[in-house]
Amino acid sequence: KVNLYFKPLRQVQDTAIGATVAFRVQNELSRPLNNVAISIKGFGEIGFEDVAPGGFAESSKIGPISFEDADSAQIVKGFLSTGESRVPIKATLPATLHLSPTTGLTLDDVMEELSVETFHSQTVKLELKTIPAAKFKPVVMGFFRASEIDESGPLMGTLGCQSTSGSKVRILVKVKGTTAKVDIKCTNAELLKAMVTDLRKLVV
């Protein structure tokens, strides 16, 4: 089979958020892939070198790709073609690219926010399979582009970030054994839904 991976990178365009995307083609077939190319609507065709059996090739960065809606994920569609076939592809740029760290908050500030403002909440549990428990919180901080508000050791913490439109996000991380629990609170229900979808795809 042939696997396609992509890596989105946040890019600020004036007052808007966009992203560049780099693709990676992994060839798990017993024969080489020739004339490999990816085409994305609005950006033309990006060619790869031929990919040997068991090998991979990476594209140059494509973009910047603009988000159609603030605080939402963005679906990018196109085609992957070789000398033998052409198949449709779809990549989802995560809503977390809209987020930036919140600084200067204390835990008392967060408790007051939660008591006077309307926050929507959802909890996600993840089983740690590829990283040790102590590495999970830094991964979550990077994923949400969040700062740490209250540090309670390597297995627990309260994080804060906000979106480009001003939606507030507060996150409680707890790890026990190989089970990680992420409690996400957000003032924007649609952004919360998108973040939960993104988080559940995280490989840990």
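**Figure 1. Surface and overall composition of the predicted protein chain.** The protein chain exposes about 11,100 Å², of which carbon and sulfur atoms supply 51%. The model is predicted. Three helices and 14 strands are present in the protein chain. Taken along the principal axes, the C-alpha atoms fill a box of roughly 60 × 40 × 20 Å. Of the 204 residues in the chain, 40% are buried. Among contacts between residues at least 6 apart in sequence, 56% join residues at least 24 apart.

**Figure 2. Close-up of the largest pocket in the predicted model.** The volume of this pocket is about 460 Å³. Its lining consists of 13 residues, and those nearest the centre of the pocket are Pro8, Pro94, Phe143, Asp198 and Lys201. Two elements, strand β1 (2-13) and helix α2 (136-144), give two or more residues to this lining. By residue class, the lining of the largest pocket comprises seven nonpolar, three polar and three charged residues.

**Figure 3. Close-up of the second largest pocket.** This pocket has a volume of about 220 Å³. The residues that line the second largest pocket are Ile40, Lys41, Phe43, Ile65, Ser66, Glu68, Gln74, Ile75, Val76 and Lys77. Strands β6 (62-66) and β7 (74-81) each supply at least two residues of the lining. The largest share, four residues, comes from β7. In terms of residue class, five residues of the lining are nonpolar, two are polar and three are charged.

**Figure 4. Close-up of serine 81 in strand β7.** Strand β7 (74-81), which contributes to the lining of the second largest pocket, also contains serine 81. The relative accessibility of serine 81 is 14%, and the residue therefore counts as buried, the cut-off for this class being under 20%. Neighbours within four places in sequence are left aside in the contacts described here. With these excluded, serine 81 is in contact with Asn35, Val36, Ala37, Glu45 and Arg86.

Conventions: Residues are numbered from 1 along each chain as its sequence is written. This is a predicted model: local features need pLDDT of at least 70, side-chain atom pairs count only at pLDDT 80 or more; totals for chains, interfaces and linings use all residues. Side-chain values use heavy atoms; hydrogens and water are left out. On a 1 Å grid over the protein atoms alone, a cavity is a set of points where a 1.4 Å probe fits but cannot get out, and a pocket is an open set with protein on both sides within 12 Å along at least five of seven lines; lining residues have an atom within 4 Å of a point. Grid points are joined across faces, edges and corners, and a volume is the space filled by probe spheres set on the points. Ala, Val, Leu, Ile, Met, Phe, Trp, Tyr, Cys and Pro count as nonpolar, Asp, Glu, Lys and Arg as charged, and the others, Gly among them, as polar. Buried means under 20% relative accessible area, exposed over 50%, partly exposed in between (1.4 Å probe, protein chains only). Contact means heavy atoms within 4.5 Å. Accessible areas come from the Shrake-Rupley method with a 1.4 Å probe; for residues, only the protein chains shown count as cover.
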